[in-house]
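Visitor: Could you walk me through how to read a sheet, strand by strand? I would like the general idea before the particular case.

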Amino acid sequence: MFWYRNAIYAIEARSPAEGAYSEGFIKAKFTQDYCIECPATGSLFSLKDGSIAAWYPGNPVLRALTPQDTCRPLDIYPVKLTQEALYVDVSNKRVRAYSDRGGAGTSLENNNVFTVQPTVYFEGMDPATESASMYTDVDSMPPGALNPATVTVGIVALGIVAVAGSATAIYYESVIGLAAFWVVLGGLVGVAGMQARALGRCGASCALAGRRPGWGMRPRPSPRPRAACSASGEAETFTLTTPLYYVNAKPHMGSAYPTIAADVLARYQRLAGRRVRFLTGTDEHGEKIALAAEARGMSPQQHCDDIVQQYQALWAALDVAYDGFVRTTDPGHEALVREVLTRVWERGDIYKAAYAGWYCVDCEEYKDEKELDAEHTCPTHRKPCQHREEENYFFALSKYQAQLEELLARDGDDAFVSPPARRNEVLGWVREGVRDFSISRAAAASPWGIRLPQDADHTVYVWFDALNGYLSGLVPLADGDGASASGGGGGGAVGAALSRGWPADVHVIGKDILRFHAIYWPGMLLSAGLPLPRRVFGHGFLTKDGLKMGKALGNTLDPEALVAGYGADAVRLFFMKEVAFGQDGNFSEAAFRDTVNASLANAVGNMLNRTLGLLTKNCGGALPAGAAEAAPAGAGHALRDAVEAAVPAAAAAYARLSPHAAVEACLGIAAAGNLYLEQTAPWSALKKGDDAERAAAGRVLVAVLEAARILAVALSPVTPGLSARMYGQLGLGGAPLQGRVSWADTAWGQLAAGHATAEPAPVFARIDEAVPYVTEPAPAAAAAATADAGGKAKGKASPPGQGKKAKARAEKAARAAAAAAAAGEAPAGAPAAEAKEAAAAPAS
C-alpha cells in the first residue's frame, strides 16, 4: 500500500451483530515530524516521518514538533487516546484496527469481531457525513491528485486560459480557431465538472460540519477475498499451528494426526503461493512434567529434551515440514510470556484470590463439578481428580464476557470456531457465563515453570504459558513483507511476532482443548491488546476400543511402528482420507492396509506403472505427442474434463480445511485415468492397429500420463514422497516437489512431445499377506487365538488344524519380516519393497 503526503486514511469498522459504525483516522507524513496532543490528558506522542498515528475525530490535535516538545514515540496503535480510539497496525501490507471500547481492546481485524474497510479522505473531510460515492482507492491515487487546493488553482488557470485564448482568436479573426479552442476547452471543463459534481454531493454536509469538502473518484468497491499476493506483489502470509504437545510421554498417533493435517494444509498454502508460517512444538512446564521426570529418574529438563527429540524425529519420519518448533523452556519463549503477562497485569486484569475445587493433573485444569461423576472422575482421562485449596493469581476473564459472546456468535465462513458443532458447544459454554481462571501456581508446590515477574513465589499457569507459544514461535522466523521487528507491536518479542506472521490464520487443535483456545486465549489477547487468531479448528479424536487415544489412558497407537512398517505416505494418506477432518475416527490396521492398497497401489500406482510400461515397450519411453495435442481444450475429452473438474474441487477442499475431501477429489483423477484406459484399451491398438490407430493409442497414453502428473502435484500435500517418485517416473526429476512446483502446475498441457520418461518402476508396492501387522494381530491369527482361548475355556481342544494353521501363518510372516530386515529392504509401500505393479498392465 502506498502512503501519500497530506492524505488522511479513514478506517471504517462495522459490527455485523449490531450494525454500528466506528470511525477513526490514520495520518502519514513524509516530510516533517509531528506530535499528537490529547486534549483530555495533555499527553504528547511523537509521530515520526513515515509512521502512522490513529485517533478519534475531533479529539487529539496534530501539530508540528518543536524543540521544546517532550514526546514519547507512538508505536502504531498501543496508545490509548480516547475511550473509542481506533488503534491501527498496517504491518504485512494489511490494515488491522483495534478498538479500546470500554477497556476491552476488541480486535476489529478482517474476519475477527468486526469487518474493516480502509478508505481515503483528505484534510478537512468529515467521514461521519461523507457519502459512499466519495470513496477513492489508495493504490490508484497518484501523489497530490485530487487535492482541493490543486483543483482550485486548476480552475482559475483554466479561466485565464479561456479568456486569453478567446481574445487571441478574435484578434486574428479566426472563427475556426475560436471554435476549435472552445471545443477543447469544453472537454476540459466537462472533466472538471464531473469532479465538481462529485464534490458537490458532499458540499452541503461538509459545510454544515464547518469543513472543506473532499474529493472522490469512484464508488466504494465490495470487499475482496484474501489473495495469495498482497497489493505490492509480495506473497501473503499464512500462519497455522498445531497444539504444543505435552511431553509427559513419547508421542502417539493422537499427536501425529493433527500434525499431519496441519502439514497438509501448510503444503497446499505453499503451492498456492503464500508465505507459510507453520508452527508446532512442545509444552514443557507443569506439575505433570515434573512427576513424569521424577518417575524416570531424570531432571525435568533432561526429560523434556529426551521427549522433544522423539517428537522431532517422528515429524521428520512423517515428512512434516514445519517452519518453527516451539519449546516453552526456551529463554526466548519465557521472555515473551513475561512481556504478555506484564501487559495484562498493567491492564488491571490480574488479582489474587483463594480457590478450592477439583483439579485434574492430566488436564492441568480445575474441573466444574457438573463435569464429574460421583467419584469426581475426569471424563477425559478416567482418573479421579484431586481436591485442592490454593491462593493464586487469577485472570479476570469474566470482564470479556460480551466480547467473547460476540466473537463466538460469528458463523459460516467468518466463524471463529469450526466446525459448526464445536462452535455451538463453545458458544453454549460462554453463554452460561465465563469464569475467571487461575494463571499461577504456588512455586513451592509446582516449581517447574516460569516464575511470575510480579511475585517470584508463584509460577505461571501452564496454559497461560503454553498458549503464548503461538507468538514466541514466530519470533525466530524471518520478517514478513519487509516489516520491521517492532512494526505494530511496540517493540520487543511481541512486536517481532506481529511482524512475522501473527495473527494466526488457524489453530488446529483437539476438541478436548477447545475451552483453552476458544475462550481463555482470546480473553488473554484482548487484555494484552493483541489481535486474535482468525480461526480455531477443533478436530475429532482418534479412537481405539471406542475411547480417545491418549497417553493417560494407555490405549495409544504407535506411529513409529506404522511408519516403519508401511512408510510415511501410507500413514498420511489413510488418516487424511478415512477420518473426516473435524469428526472422530477409529483405527483398524486391517482397514488401513485395505485403504492404502486400494488408493495408492491399485489406483495411483497401477495407472502410472502400466501406462509407462506400454509407452516404453511401444514408443521407447518418449511421448509421441504433447498433452495439449492429446487432449485439446474444449474437445469434450473425457479424461481431461474429469481432471479439470477434480483440480478446483481439491483446491477448494484444501482451502476450507477438508483434506479428506481433497484426497477424494485427487483420487478421482486416478479412477478416471484407469477407467479411460479400460474404455480405450490402447494396448490392443498398439499391438494390432494401423498407423492411425496406433497414433490415437499413443495420445491415450500421453493423456493418462498428463493426468498422473497433475495428480502428483494435487496430491503432494498429502503424499509428498509418492508425488516425488511419480515425477521421477515421468522424467521430471525425483526431487521433492515442494519449492519447485506450484498449484498452477495442475493446469493441463505441460508434457511435451518427445519428452523422455524414466524406466518404469513401481511407485508404491502393494501390501500383501507376507507383510506382518505391526500394531495388532493379523485378523486370521486373532480369530484363531480367540477360538483357541474359547475352546480352552470350555475344556475343549481347538478345531483340528486351526491352531497349526495360525501358527504357520505367523511363522511365515515372521520369516518374511526377518528376511526383509536382513536385506535392508524398505517397508511395504516404499518403491523398493516389491515390483508386483508391473504385472498389473494387461499383456500387450
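Guide: Happy to. Two strands pair if DSSP finds at least two bridges between them. Keep in mind that this is a predicted model. With that rule, S17 and strand S23 (residues 536-539) pair over two bridges, in the parallel sense. To see the register, look at Val417, which stands opposite Val536 in S23.

Visitor: In what order do the six strands of the open sheet lie?

Guide: The order is S13-S12-S11-S22-S23-S17, and the pairing is parallel.

Visitor: Which are the edge strands?

Guide: An edge strand pairs on one side only, and here that describes strand S13 (324-327) and strand S17 (417-418).

Visitor: What are the partners of S11?

Guide: On one side, eight bridges join S11 to strand S12 (residues 275-283) in the parallel sense; a register point to find is Thr237, opposite Arg275 in S12. S11 also pairs with strand S22 (residues 506-510), again parallel, over two bridges. There, Thr241 stands opposite His507 in S22.

Visitor: Is strand S11 mostly covered or uncovered?

Guide: Buried means under 20% relative accessible area. By that cut-off, 10 of the 10 residues in strand S11 (residues 237-246) are buried, so the strand is mostly covered.

Visitor: Which helix joins S11 and S12 in a β-α-β unit, and what is the hand?

Guide: For the hand, let the strands point away from you and follow the path from the first strand over the helix to the second: clockwise is right-handed. In this model, S11, helix H4 (residues 253-271) and S12 make a right-handed unit.

Terms used. Residues numbered from 1 in each chain as written. Predicted model: local features only at pLDDT ≥ 70, side-chain atom pairs only at ≥ 80, totals over all residues. Heavy atoms only, no water. Helix = DSSP H or I, 4+ residues; strand = E, 2+ residues; numbered from the N terminus. Buried < 20%, exposed > 50% of the residue type's maximum accessible area, 1.4 Å probe, protein only.
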